Amino acid sequence: MTWFQDAKFGIFMHWGAYSVPAWAEPIGELGTFDSEFWFAHCPYAEWYWNTSQIPGSAAFSHHQTVHGGRPYDSFLDSWRAENFDPADLASLFARAGARYVVPTTKHHDGITLWDAPGTGTRNTVHRGPRRDLVASIADASRAAGLRFGVYYSGGIDWFAGRRAVIRHEDQIDDHGRANEAAYAAYALRHVQDLITRYSPDILWNDIGWPDQGLVDLPGLFAFYRADVPHGIVNDRWDGTHACRPDVAYDFRTSEYQANRSVEGSGPWENCRGIGFSFGYNQAEDASHSLSVAGAVRQLADVVSRGGNLLLNVGPRADGTLPPTQRDVLEGMAEWMAVNSVAIHDTRPLDGASSSDSPWLRWTRSGNHAYALIAETGEVRLPHLAGLLDAGSALRLDGRPVAARAVAEGTAVTLGEIGDLPIVVRFDLVS
Ligand code: GLC
């Protein structure tokens, strides 16, 4: 797990036929709505096929008025990826400080981004983009020095699995997930094929695994580990977003505000979009999205608590990133160029307290403590007496910082600070 816990930051990529209509209501973050409201107004654009089949929903009328109710699969043919430049994207991700990339290889619509066994022509090699997008992303990511994982929707497949429309969380288990033996064998062949072709560093399954196939998982993981000894698997193999403790997994996952109780116990990863959707949503603008400072704070917060951030990009159908998303990653790149030592390869610092007002987070690495601070003027940094040497204070951006020991810890005086945290490094006294 060390490589994963050192990596701290990864890029998720949701790209599919749903990136053509690219439409959802930007209502807010997962985990802050009741289930029935969530599905009828789902802000996840990658759920378009489902939401647009719920009569009375805004997506239903959008699909009728803007797309004339056309069949979902026609979006696959309109998806051309004509400006897709994987090397450019991978270099942006690497500059932003990400150390791994996890694209969707099959989302809930069942369309595979490689020539997957049993899919016939319903994949991006034979239709739409007409290329193996998994291979393109894997090769470009690795050439840029990034590790490469695969997202696979094992639980929901609206084509090869079950087509029932989901209006409530409970319905996912009742009739949304495909559990039959035939589908279990189909999904198993897919993941085995992904391993054989691309040796992914992470298997990132979603919405559980078909019940009839749960017995295959130990064998699948053994097959995986024989090929990729450092390979790791997430926790969504038995249950929508979670696992029974007796099913092996290497790290837990939370998503926006959902499932946050797993954070802090062993290795974990929080995922979210830059806005409220994973797939590209044309109805979103900057007001629905993280700012650069918001993204940096989210990363710092997660890392200070021992987690990883899997921040999602949703390319447009032509393969380019919408400017709002690109700007956030460029801003993170600028910040990381100065401050990445406070993120990569760090662990939480015991004995010091974080706060939101003043905004303060801590990490540690080797014999250094890092205080990530977004507050102007004199700031009190509470910590155990004797934890760090106030006299060693150094601002990573090279600006002056005055620091002195006070009763509750250390006080630092900073100049004018904006929303973006600055980092002060201290020597730990051990
Ligand atoms: C969810 C959603 C999905 C998204 C994913 C990311 O389970 O159904 O659209 O791909 O989580 O974590």
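Is Ser-254 buried or exposed? In this predicted model, Ser-254 counts as buried, because its relative accessibility is 0% and the cut-off for burial is under 20%. The residue belongs to strand β6, which covers residues 252-255. Its side chain makes a polar contact with the side chain of Glu-263, at 2.6 Å. Beyond the residues up to four places away in sequence, Ser-254 touches Arg-236, Asn-259, Arg-260, Val-262, Glu-263, Trp-268, Glu-269, Asn-270 and Cys-271. Glu-263 is thus listed among the residues touched by Ser-254 and is also its polar partner. The C-alpha atoms of Ser-254 and Val-150 are separated by 17 Å, with their positions 104 residues apart along the chain.

Val-150 also appears in the surroundings of Pro-103. Pro-103 lies in strand β2 (residues 100-106) and counts as buried, because its relative accessibility is 2%. Leaving aside neighbours within four places in sequence, the contacts of Pro-103 are Met-13, Ile-137, Phe-148, Gly-149, Val-150 and Tyr-151. For one of these, Phe-148, the C-alpha to C-alpha distance from Pro-103 is 8.4 Å, at 45 residues apart in sequence.

Arg-361 is located in strand β10, residues 359-365. With a relative accessible area of 7%, Arg-361 is buried, because burial is set at under 20%. Two polar interactions of its side chain were found. One is a polar contact with the side chain of Asp-301, at 2.8 Å; in the other, the Arg-361 side chain reaches the backbone oxygen of Ser-355, at 2.8 Å. Asp-301 and Ser-355 are both included in the contacts of Arg-361 outside its neighbours within four places in sequence. The remaining members of that list are Ala-300, Ser-304, Ser-354, Asp-356, Tyr-370, Ala-371 and Leu-372.

The largest nonpolar core contains 110 residues, of which Phe-9, Phe-93, Leu-329 and Met-332 touch the most other members. Helix α9 (residues 181-198) gives the most to this core, contributing 8 residues. Another core, of 20 residues, lies apart from it and includes Leu-381, Leu-387, Val-401 and Phe-426. Not counting residues up to four places away in sequence, Phe-9 touches Ala-96, Gly-97, Ala-98, Arg-99, Tyr-100, Leu-299, Leu-309, Leu-311, Met-332 and Met-336.

Phe-93 and Leu-329 also take part in a contact between two helices. Helix α6 (residues 86-95) and helix α12 (residues 323-339) pack with their axes 8 Å apart, at an angle of about 45 degrees. The two helices are therefore oblique to each other. On the α6 side the contact is made by Asp-88, Leu-89, Leu-92, Phe-93 and Arg-95, and on the α12 side by Arg-326, Leu-329, Glu-330, Ala-333 and Met-336. Met-336 is also among the residues touched by Phe-9.

An open sheet is built from 3 strands in the order β12-β15-β14, paired in the antiparallel sense. The edges are formed by β12 (377-382) and β14 (402-406); each has a single partner strand, so one side of each is left without a neighbour in the sheet. On average, and with direction ignored, neighbouring strands of this sheet are turned by 25 degrees against each other. Strand β15 (residues 409-414) pairs with β14 over 5 bridges, and Gly-409 in β15 is the bridge partner of Val-406.

Definitions and conventions. Residues are numbered from 1 along each chain as its sequence is written. This is a predicted model: local features need pLDDT of at least 70, side-chain atom pairs count only at pLDDT 80 or more; totals for chains, interfaces and linings use all residues. Side-chain values use heavy atoms; hydrogens and water are left out. Helices (H or I, at least four residues) and strands (E, at least two) are DSSP runs, numbered from the N terminus. Buried means under 20% relative accessible area, exposed over 50%, partly exposed in between (1.4 Å probe, protein chains only). A polar contact is a pair of N or O atoms within 3.5 Å; within protein, one must be able to donate a hydrogen and the other to accept it, and residues adjacent in sequence count only if both atoms are side-chain atoms. Contact means heavy atoms within 4.5 Å. A nonpolar core is a set of buried Ala, Val, Leu, Ile, Met, Phe, Trp, Tyr and Cys residues joined through side-chain atoms within 4.5 Å. Two strands pair if DSSP finds at least two bridges between them. Axes are lines fitted to C-alpha atoms, for helices over the stretch in contact, and angles run from 0 to 180 degrees between N-to-C directions. Angles under 35 degrees count as roughly parallel, over 145 as roughly antiparallel, 65 to 115 as roughly perpendicular and the rest as oblique.
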